[in-house]
Amino acid sequence: MTKEKIELLLTQAFQPSYLQVVDDSHKHIGHAGASQGGHYNVTIVSKSFEGKKLLESHRMIYQALEPVKSSIHALAIRCSDH
């Protein structure tokens, strides 16, 4: 369910031309902290990131995901404006 919430929040915030959210939590079962939230990989392309430095774009994404942050243990982000 968190994967779908991540997709919804990112879509609402950035209207991406491309969005892929992969739940890799199953790969981390038994690892320290794995029970405290999921492991996700996000690839997102949005004009919202145009002119932004990578760190700024990542901060924007983390801010958009604030409502589900307690459900996320690890988040890998690949973002672009094109």
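**Figure 1. Lys3 and its salt-bridge partner in helix H1 of the predicted model.** Lys3 has a relative accessible area of 26% and is accordingly partly exposed. The side chain of Lys3 forms a salt bridge with that of Glu7, with an N to O distance of 2.8 Å. Glu7, at 25% relative accessibility, is likewise classed as partly exposed. Helix H1 spans residues 2-14 and contains both Lys3 and Glu7, which are four residues apart, or about one turn of the helix.

**Figure 2. The salt bridge between Glu66 and Lys69.** In this pair, the closest N and O atoms lie 3.2 Å apart. Glu66 is partly exposed, its relative accessibility being 43%. Lys69 has a relative accessible area of 52% and is exposed, because this value is over the 50% cut-off. The count of salt bridges in the model is two.

**Figure 3. Pairing of strands S2 and S3.** Strand S2 comprises residues 38-45 and strand S3 comprises residues 72-80. The two strands run parallel and are joined by eight bridges. Within this pairing, Thr43 is located opposite Arg78 of S3.

**Figure 4. The β-α-β crossover from S2 to S3.** After leaving S2, the chain passes through helix H2, formed by residues 54-64, and then reaches S3. The crossover is right-handed. The strands that it connects, S2 and S3, are the parallel pair described in the preceding legend.

Note on methods:
Residues numbered from 1 in each chain as written. Predicted model: local features only at pLDDT ≥ 70, side-chain atom pairs only at ≥ 80, totals over all residues. Heavy atoms only, no water. Pairing = 2+ DSSP bridges. Right-handed = clockwise from strand over helix to strand, strands pointing away. Salt bridge = Lys/Arg side-chain N within 4 Å of Asp/Glu carboxyl O. Buried < 20%, exposed > 50% of the residue type's maximum accessible area, 1.4 Å probe, protein only.
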